[in-house]
Amino acid sequence: MAADTKKKIFDFSLLRRVFSFVSPYRKKFYWSLVSAIALAILTPVRPFLIQFTVKNLSPGTTTIFGTLKEMIIWMTVIQIGILLIETAIRFYFTYVTSWLGQSVVKDLRIKVYKKIIGLNLTQFDKTPIGTLTTRTINDIEAINDIFSDGLIPIIADLLSIISVVGVMLYVDWKLTLICLAPFPILLVATYVFKESVNKSFIRVRNAVASLNAFVQEHITGMQIVQSFAAEDREFDKFKKINKEHRNANINAIFAYSVFFPLVEIVLAVSTALLVWWVAKETLHLSATESRDLTGKITSFYLYLNLLFRPLRVIADKFNILQMGMIASERVFKVLDNNDVTPVSENAELIRSSEKVKGSLEFDKVWFAYNEPNYVLKNISFTVNAGDTVAIVGHTGSGKTTIISLLNRLYHIQKGAIKIDNININDYELDVLRKNIGVVLQDVFLFSGTVIDNITLRNTDIPREKVIEAAKLIDMHEFIMELPGGYDYNVMERGATLSLGQRQLLSFIRALLYDPSILILDEATSSVDTESELLIQHAIDTLIKGRTSIVIAHRLSTIRKANKIIVLDKGEIKEMGTHDELLEKGGFYAKLHEMQFVKHTIKS
């Protein structure tokens, strides 16, 4: 993993791809480079002016600025002016690079999230939610650092270093070489520091992804954890992952703790060499030459500080750049994921406002989540528009898979599924799904108000229409009894509502969108008798005039279906009406008898 990542750190094609997101903001990018060049030019100017001032600090000296007093006044004004200009440019440089990074992050995060919501469900089946959360938030935020603390600041620092060294060589090349004698030690230390911190940062990133995935999963499944008294076991797992995160950070901290003092030591040695050389030279110089040397030593001391200031952080910035590149590689893997629902070249141009009639046909459909383990085998049946078909069978027989295929949440391997004699692959995806309403057994409600969950935050749906739909299935009075009525906050996942109430809200949602085809997946399997009666009334209201597919464990809820399909281990065992299947005395009759006996025993 680390070796593979290391190979790609300097992948310039990857860097170009990151910077392709700068295109809409190229003017800001160019100005950031201009600012970097301006800072590099200005950096050695003030020490050079100080050297000039010290060199001419002698009574009676006349310079281009006039007398000594006039020179000091002019130098003070110029120094203040340069300081203000440099401060303004540095402020702009810091602001514009951060602005660039945040703009790229905004665009990239939108693109990644759009990609994620378009991925097939197979990706979510095999990828932890916390990992995708890390890609969308943490990794993209690290890409921001490429701009604010990475490549552009590194360029600015390198330009400043080149500028300072160039002026030092111009002033006195021998003294420059003496002062920079310890420089190779710093280069080696910088390389070791960079490699050490880079490995630690990779471990930190991996640990963050693991922490996000673990916490997301366990908070979602906290009811199971507590119900089975597994808190201690899961807490021990969390501590293990958290310990790895801590250790990775401590390794990075150790490297920082060694490197920064080492930079200070190298700077101290360079300063000591400067003092030694000046002390040696002063013994052989006249008073005038001593003043020249005094100005030189003053400026060189400032040059060394200006030189080592960026050197202290450039290795750290290079690591930030590396981590941004690693993060960008992970983000681009999400963007390059081609496991999306394809658009057929023969896509029917059905307008979004146009409704389908609702006839269905499954023609020799085979499907496997992981080939060759087929969960549906040679499934064939038809449903006339407006009819109700019920699908029954033991858990794991493939009932829910059938409705997932109808919505094109997964791709079938063999066969075809048709609506109104048109292959579902030839429908525009949004048109297909707008014509299919789904009410699942486990109703998911978002954090927000009742009306937000019913309309899915579609502002085009007026409140009056929502109220009308609620009244049709006798839910209006219940909603009005809630604090705030339709503006009541149901909390995350609808935690403040009962299962039956959440189920009924999903019925209002389905009724509001007025689909041509309705899918009811175990809609009454986990509710009490009173809620079941309300839900049954809602079902009767919903299926009226619609093609309906009903999946139910309770056979009493599907007696009125025009057709009942009996599944077992992914195959159709029987098909017919309730009475016809009972007369056959086959698989369905046994299921019915088992439920009847079970109900009698409970009674």
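**Exercise 1. Confidence along the chain**

Identify what the model shows for residues 1–9, where pLDDT stays under 50, and set this beside the average pLDDT of the protein.

*Solution.* The structure is a predicted model. Step 1: residues 1–9 keep a pLDDT under 50, and the model gives them 11 contacts beyond four places in sequence. Step 2: a further stretch, residues 599–603, also has pLDDT below 50, with 0 contacts in the model beyond near neighbours in sequence. Step 3: the protein averages a pLDDT of 81, and 88% of the residues score at least 70.

**Exercise 2. Strand order and pairing**

Determine the order in which the 4 strands of the open sheet are arranged, and state which strands lie at the edges.

*Solution.* Step 1: begin with strand 1 (residues 360–367), which pairs with strand 2 (residues 376–383) in the antiparallel sense over 5 bridges. Within this pairing, Val365 stands opposite Ile379, and Glu361 has Thr382 as its bridge partner. Step 2: strand 1 also pairs with strand 4 (residues 414–419), again antiparallel and over 5 bridges. Here Phe362 is matched with Ile417 of strand 4. Step 3: the complete order is 2-1-4-5, with antiparallel pairing in an open sheet. Step 4: strand 2 and strand 5 (422–423) are the edge strands, since each pairs on one side only.

**Exercise 3. A salt bridge between distant parts of the chain**

Locate the partners of the salt bridge between Asp157 and Lys317, and decide whether they are buried or exposed.

*Solution.* Step 1: the whole structure holds 12 salt bridges. Step 2: in the one between Asp157 and Lys317, the closest N and O atoms are 2.8 Å apart. Step 3: Asp157 belongs to helix 7 (residues 129–171) and Lys317 to helix 12 (residues 287–335); the pair is 160 residues apart and links distant parts of the chain. Step 4: both Asp157 and Lys317 are buried.

**Exercise 4. Salt bridges at shorter sequence separation**

Describe the placement and accessibility of the pairs Lys237–Glu234 and Asp487–Arg463.

*Solution.* Step 1: Lys237 and Glu234 form a salt bridge with their closest N and O atoms 3.4 Å apart. Because these residues are 3 residues apart in helix 11 (residues 231–282), about one helical turn separates them. Step 2: Lys237 has a relative accessible area of 45% and is therefore partly exposed, whereas Glu234, at 15% relative accessibility, counts as buried; the limit for buried is under 20%. Step 3: Asp487 and Arg463 meet through their side chains at 3.0 Å, N to O. Asp487 lies in the loop between helix 17 (476–481) and helix 18 (499–513), and Arg463 in helix 16, so the salt bridge ties together parts 24 residues apart in sequence. Step 4: Asp487 is partly exposed at 43% relative accessible area, and Arg463 is partly exposed at 34%. Step 5: elsewhere, salt bridges that share partners join Arg46, Glu86 and Arg90 into one network.

**Exercise 5. A nonpolar surface patch**

Name the residues of the nonpolar patch on the surface, and explain why Leu456 counts as partly exposed.

*Solution.* Step 1: the patch consists of Phe444, Phe446, Leu456 and Tyr513, which together have about 360 Å² of accessible area. Step 2: Leu456 sits in the loop between helix 15 (450–455) and helix 16 (463–472). Step 3: the relative accessible area of Leu456 is 43%, so Leu456 is partly exposed. Patch membership requires over 30% relative accessible area.

Technical notes. Residues are numbered from 1 along each chain as its sequence is written. This is a predicted model: local features need pLDDT of at least 70, side-chain atom pairs count only at pLDDT 80 or more; totals for chains, interfaces and linings use all residues. Side-chain values use heavy atoms; hydrogens and water are left out. Patches are made of residues with over 30% relative accessible area and no salt bridge: like charges are joined within 9 Å, nonpolar side chains (Val, Leu, Ile, Met, Phe, Trp, Tyr) within 5 Å. Accessible areas come from the Shrake-Rupley method with a 1.4 Å probe; for residues, only the protein chains shown count as cover. A salt bridge is a side-chain nitrogen of Lys or Arg within 4 Å of a carboxyl oxygen of Asp or Glu. Helices (H or I, at least four residues) and strands (E, at least two) are DSSP runs, numbered from the N terminus. Buried means under 20% relative accessible area, exposed over 50%, partly exposed in between (1.4 Å probe, protein chains only). Two strands pair if DSSP finds at least two bridges between them. pLDDT is the predictor's confidence in each residue, from 0 to 100. Contact means heavy atoms within 4.5 Å.
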